Amino acid sequence: MKKLTALLLAVSFMSVSAASYGAGFALYEYSARGTAMGGATMANTAEAASLAVNPALITELEGTQLQVGLTMVTADATTSVAGDSRSLKNDIWYLPNFFITKKWSDQISLGLGGFSRYGLGGEYNNWETWAGSQLAYKVKLETFSFTPTIAVKANDEISIAMGLEAMVIGFSQNSTLQPGAAAHATAYDISGSGVSWGGNFSFIYRPEWAEKWALGAMYRSKVKQNLSGRIHANMAYPPQNIYGGNAEGAISLPDSISAGLSFKPTEQWTLEAGIVGTFWSAYDQILIQYTDRTENPFIYNHKKYKDVYRLNFGTEYKLNPTWALRAGYVFDKSPINPNAMDTLVPVDDRHIASVGVGYQKDAWSVDLAYAHIFAKDLSGKAIPLFANAPMKYTDGKSDIFGITVGYKF
């Protein structure tokens, strides 16, 4: 049966839009504490949300621990195609998460996390009269991953963990073939869903000979996405073989390696620096093929993404056993090819500054975080299919708010 090798969905997967605030398409804000520290929580104090960052840390948690949280995102950006600009509509996106851990024995801990690793969404104002609507004027991609995990304390210095990942995906994307008076008559959308599997391996090393230092690392495997979707088109005389019909898709999300080095100059003060490397160069092209038609595939575009890195720095200072202050900084490198730009990627490299506060009393804890993204402008040209029209992204910025509530049983 014919495959929709990437569908237009892959445009969403391989880019970042209004609600997606990690380079490429990744999300990194899994807990309010992690958001406040710029994601630099791989090798310092363990929490239930460590299941999303470095699951090996959960061997350091006692009893049963639970965390639930919510991240809220607002964003703005402007895209110019052939000198004609449109801004994204104002919106708020919500990313829920939960984590639960159980210390099974002195050596073994179990955990289950639920969180979003990828996501984006946005719609342009006044798209009907904009040439960029032919690339896409609206997109929504939602994922939610379930990660059952086992962690083993090998000795007093090293713990390791292995986990599975079941990722549920839902998406939709809207485009048009003829902007202007015929925009609505030639508009079409693609939607689909699927479930895919991946895995991860991680460790934490706390050397007895350097007790103020700790090293953590994690590897995430590629995730092969098999998707079922449909193209919705109600055109009387559709050009370029755009018909309503069923489609299938397959795409591999890239693997990544992350590491963090933590230092505690005092009992109250923690510092950490980290890096995440994502192997985007494996991404190649996007094709569309119907499952029930014999027409040649409509080739959407080719991209040459780069392998990229993300640098993060975070600090936490405990004022007393109840209150903690946090701050962080992230430089997030973008894999965008300036010679193959699209309307779903309105920003380039990102600088992220964050702050937060934590409260813990008896079995309860509450963490709050705020982060602001300063995005770099980018000039280039559209994909060859769109006649290499000049494009530009400007005024990219985003605000992130996070809250996490925890309880120790």
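Here is a walk through this structure, from its overall make-up to a few individual residues. Keep in mind that the model is predicted.

Start with the inventory. The protein has 21 strands and 2 helices. Of its 409 residues, 55% are buried. Take the contacts between residues at least 6 apart in sequence, and 70% of them turn out to join residues at least 24 apart. As for the outside, the accessible surface adds up to about 16,900 Å², and carbon and sulfur atoms account for 59% of that.

Now go inside. In soluble globular proteins, nonpolar side chains tend to be buried together. Here the largest nonpolar core has 38 residues, and the members that touch the most others are Tyr-30, Phe-99 and Ile-204. Strands S6 (138-153), S7 (158-176), S8 (187-205), S9 (213-220) and S10 (223-233) each give two or more residues to this core. The biggest contribution is from S7, with 4 residues. If you click on Ile-204, look for its contacts beyond four places in sequence, among them Met-42, Ala-43, Leu-57, Ile-158 and Leu-215. Polar or charged partners turn up too, including Asn-54, Glu-60 and Glu-157. Another core lies apart from this one; it has 18 residues, including Val-81, Leu-88, Val-347 and Ala-382.

Next, the empty spaces. The structure holds 6 cavities of 30 Å³ or more, and the largest has a volume of about 370 Å³. Its lining is made up of 29 residues, with Tyr-28, Tyr-30, Arg-220, Ser-258 and Val-276 lying nearest the centre. You've met Tyr-30 already, in the largest nonpolar core. Strands S9, S12 (256-263), S13 and S16 (308-318) each put two or more residues into this lining, and S13 has the largest share, with 5.

S13 is worth a stop of its own. This strand covers residues 269-278, and Gly-274 is part of it. Gly-274 counts as buried because its relative accessible area is 11%, under the 20% cut-off. Which residues does Gly-274 contact, once neighbours within four places in sequence are left aside? They are Ala-259, Gly-260, Arg-310, Leu-311 and Asn-312. From Gly-274 to Ser-262, the C-alpha atoms are 8.6 Å apart, with 12 residues of sequence separating the two.

Toward the end of the numbering, follow three strands that pair up. S18 (residues 350-361) and S19 (residues 364-375) run antiparallel and are joined by 12 bridges; one pair to find is Val-355 with Tyr-370. S19 also pairs with S21 (residues 390-408), again in the antiparallel sense, over 11 bridges. There, Leu-368 has Ile-403 as its bridge partner.

S18 and S19 make a hairpin with 2 residues between them. Most residues other than glycine have a negative phi. What is the phi of Asp-362, in the loop between S18 and S19? It is near 55 degrees, a positive value. Asp-362 is classed as exposed because its relative accessible area is 69%, over the 50% cut-off.

Asn-126 tells a similar story: it isn't a glycine, yet its phi is positive, at about 50 degrees. You'll find Asn-126 in the loop between S5 (119-123) and S6. Its relative accessible area is 54%, so Asn-126 is exposed too.

Terms used. Residues are numbered from 1 along each chain as its sequence is written. This is a predicted model: local features need pLDDT of at least 70, side-chain atom pairs count only at pLDDT 80 or more; totals for chains, interfaces and linings use all residues. Side-chain values use heavy atoms; hydrogens and water are left out. A nonpolar core is a set of buried Ala, Val, Leu, Ile, Met, Phe, Trp, Tyr and Cys residues joined through side-chain atoms within 4.5 Å. Buried means under 20% relative accessible area, exposed over 50%, partly exposed in between (1.4 Å probe, protein chains only). Contact means heavy atoms within 4.5 Å. Two strands pair if DSSP finds at least two bridges between them. Accessible areas come from the Shrake-Rupley method with a 1.4 Å probe; for residues, only the protein chains shown count as cover. On a 1 Å grid over the protein atoms alone, a cavity is a set of points where a 1.4 Å probe fits but cannot get out, and a pocket is an open set with protein on both sides within 12 Å along at least five of seven lines; lining residues have an atom within 4 Å of a point. Grid points are joined across faces, edges and corners, and a volume is the space filled by probe spheres set on the points.
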